[in-house]
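Ready for a few short exercises at the bench-side screen? Open the model, try each task yourself, and then walk through the solution.

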Amino acid sequence: MKFVIQRVTHASCTVDGTVTGEIGKGFLVLIGISDSDTTEIADKMIRKLTGLRIFEDENGKTNLSLGDVGGGLLLISQFTLYADCKKGFRPSFIKAGKPEAANKMYEYITEKCKADVPVVEKGVFGADMKISLLNDGPFTIILDSDEIC
């Protein structure tokens with residue numbers, strides 16, 4: 001499982017001209033899921049995500065978490081995080097999770113995040129999404145379950 005986390009001042013997802021999710025201050029999270037991912041892995045990733053202290057405190061140090069600043073989450077499924085570009089110029093996506101299982105895991109992650117974060121918005125799994133954001137910093141972190149679980 002991979003999370004690309006961007007600290008934002010605001011972010012939104014639009015599908016076919018309709019906003020499906022929108023947050024103010026918080027994290028835009030691009031989520032890549034593989035076939036080997038489990039709910040146990042997701043739980044560890046969610047715990048790390050919601051506990052990250054990457055917002056500035058009164059001294060300008062990145063010391064505050066999402067909860068400390070009342071931030072929201074915009075969760076976007078993105079199978080392309082599992083692109084394999086080793087051969088040629090056309091990426092292979094065979095390491096990405098099969099759609100039905102990946103969507104189930106994406107929904108699991110969304111529901112689990114709602115238990116800890118008051119504002120959780122999302123995109124539409126498998127849709128052509130248009131993502132708008134203002135990256136704050138810029139501040140981007142990549143969490144890979146192979147490295148933290």
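## Exercise 1: A serine in a strand

At 12% relative accessibility, Ser 77 counts as buried. Keep in mind that you are looking at a predicted model.

**Task.** Find which element holds Ser 77, and list the residues that Ser 77 touches beyond four places away in sequence.

**Solution.**
- Step 1: Locate the residue. Ser 77 sits in strand 6.
- Step 2: Apply the cut-off. Buried means under 20% relative accessible area, and Ser 77 has 12%, so it counts as buried.
- Step 3: Look around the residue. Leaving out residues up to four places away in sequence, Ser 77 touches Ile 31, Tyr 106, Phe 125, Gly 126 and Met 129.

## Exercise 2: The whole chain

**Task.** Work out how the helices and strands are ordered along the protein chain, and decide how its radius of gyration compares with the globule rule for 149 residues.

**Solution.**
- Step 1: Count the elements. The protein chain has four helices and eight strands.
- Step 2: Put them in order. Along the sequence they follow the pattern β-β-β-α-β-β-α-β-α-β-β-α.
- Step 3: Compare with the rule. The radius of gyration is 15 Å, close to the 15 Å that the globule rule gives for 149 residues, so the chain is as compact as a globular protein of that length.
- Step 4: Add the dimensions. The C-alpha trace spans about 45 × 40 × 30 Å along its principal axes.
- Step 5: Turn to burial and surface. Buried residues make up 39% of the 149 residues. The accessible surface comes to about 8500 Å², and 51% of it belongs to carbon and sulfur atoms.
- Step 6: Check the contacts. Of those between residues at least 6 apart in sequence, 72% join residues at least 24 apart.

## Exercise 3: Charges and their partners

**Task.** Find how many salt bridges the whole structure has, then examine the pairs made by Asp 35, Glu 111 and Asp 128.

**Solution.**
- Step 1: Start with the principle. Side chains of opposite charge can pair when their charged atoms come close.
- Step 2: Take stock of the charges. The protein chain carries 18 positive and 21 negative side chains, and the centres of the two sets are 5 Å apart.
- Step 3: Search for pairs. The whole structure yields seven salt bridges.
- Step 4: Take Asp 35. Its salt bridge is with Lys 98, and the closest N and O atoms are 2.9 Å apart. This pair links distant parts of the chain, 63 residues apart: Asp 35 is in the loop between strand 3 (26–32) and helix 1 (39–51), while Lys 98 is in the loop between strand 6 (72–77) and helix 3 (99–116). Asp 35 is partly exposed at 41% relative accessibility, whereas Lys 98 is exposed at 54%.
- Step 5: Take Glu 111. This residue forms a salt bridge with Lys 114, with the closest N and O atoms 3.4 Å apart. Both lie in helix 3; because they are three residues apart, about one helical turn separates them. Glu 111 is partly exposed with a relative accessible area of 47%, and Lys 114 is partly exposed at 42%.
- Step 6: Take Asp 128. Its partner is Lys 130, with 3.3 Å between the closest N and O atoms. Asp 128 has 56% relative accessibility and counts as exposed.

## Exercise 4: A threonine in a helix

**Task.** Is Thr 50 buried or exposed, and which residues is Thr 50 in contact with once its neighbours within four places are set aside?

**Solution.**
- Step 1: Place Thr 50. This residue belongs to helix 1.
- Step 2: Judge its exposure. With 17% relative accessibility, Thr 50 counts as buried.
- Step 3: List the contacts. Apart from neighbours within four places in sequence, Thr 50 is in contact with Ser 65, Leu 66, Asp 116 and Val 117.
- Step 4: Try a distance. Thr 50 and Ile 31 are 19 residues apart in sequence, and their C-alpha atoms are 14 Å apart.

## Exercise 5: Backbone details

**Task.** Describe the backbone at Asp 16 and at the peptide bond from Gly 137 to Pro 138, then inspect Gly 70.

**Solution.**
- Step 1: Check phi. Asp 16 is not a glycine, yet it has a positive phi of about 50 degrees.
- Step 2: Place Asp 16. The residue lies in the loop between strand 1 (2–15) and strand 2 (18–23), and is exposed, with a relative accessible area of 78%.
- Step 3: Check omega. The peptide bond from Gly 137 to Pro 138 is cis, with omega near -5 degrees. Pro 138 is part of strand 8 (residues 129–144).
- Step 4: Move to Gly 70. This glycine is in the loop between helix 2 (66–69) and strand 6, and counts as exposed at 65% relative accessibility. The C-alpha atoms of Gly 70 and Pro 118 are separated by 8.0 Å, although the two residues are 48 residues apart along the chain.

Technical notes:
Residues numbered from 1 in each chain as written. Predicted model: local features only at pLDDT ≥ 70, side-chain atom pairs only at ≥ 80, totals over all residues. Heavy atoms only, no water. Helix = DSSP H or I, 4+ residues; strand = E, 2+ residues; numbered from the N terminus. Rg over C-alpha atoms; globule rule 2.2 N^0.38 Å. Buried < 20%, exposed > 50% of the residue type's maximum accessible area, 1.4 Å probe, protein only. Contact = heavy atoms within 4.5 Å. Areas by Shrake-Rupley, 256 points an atom, 1.4 Å probe, with all protein chains shown as cover. Lys, Arg positive; Asp, Glu negative; His and termini not counted. Charge placed at Lys NZ, Arg CZ, Asp CG, Glu CD. Salt bridge = Lys/Arg side-chain N within 4 Å of Asp/Glu carboxyl O.
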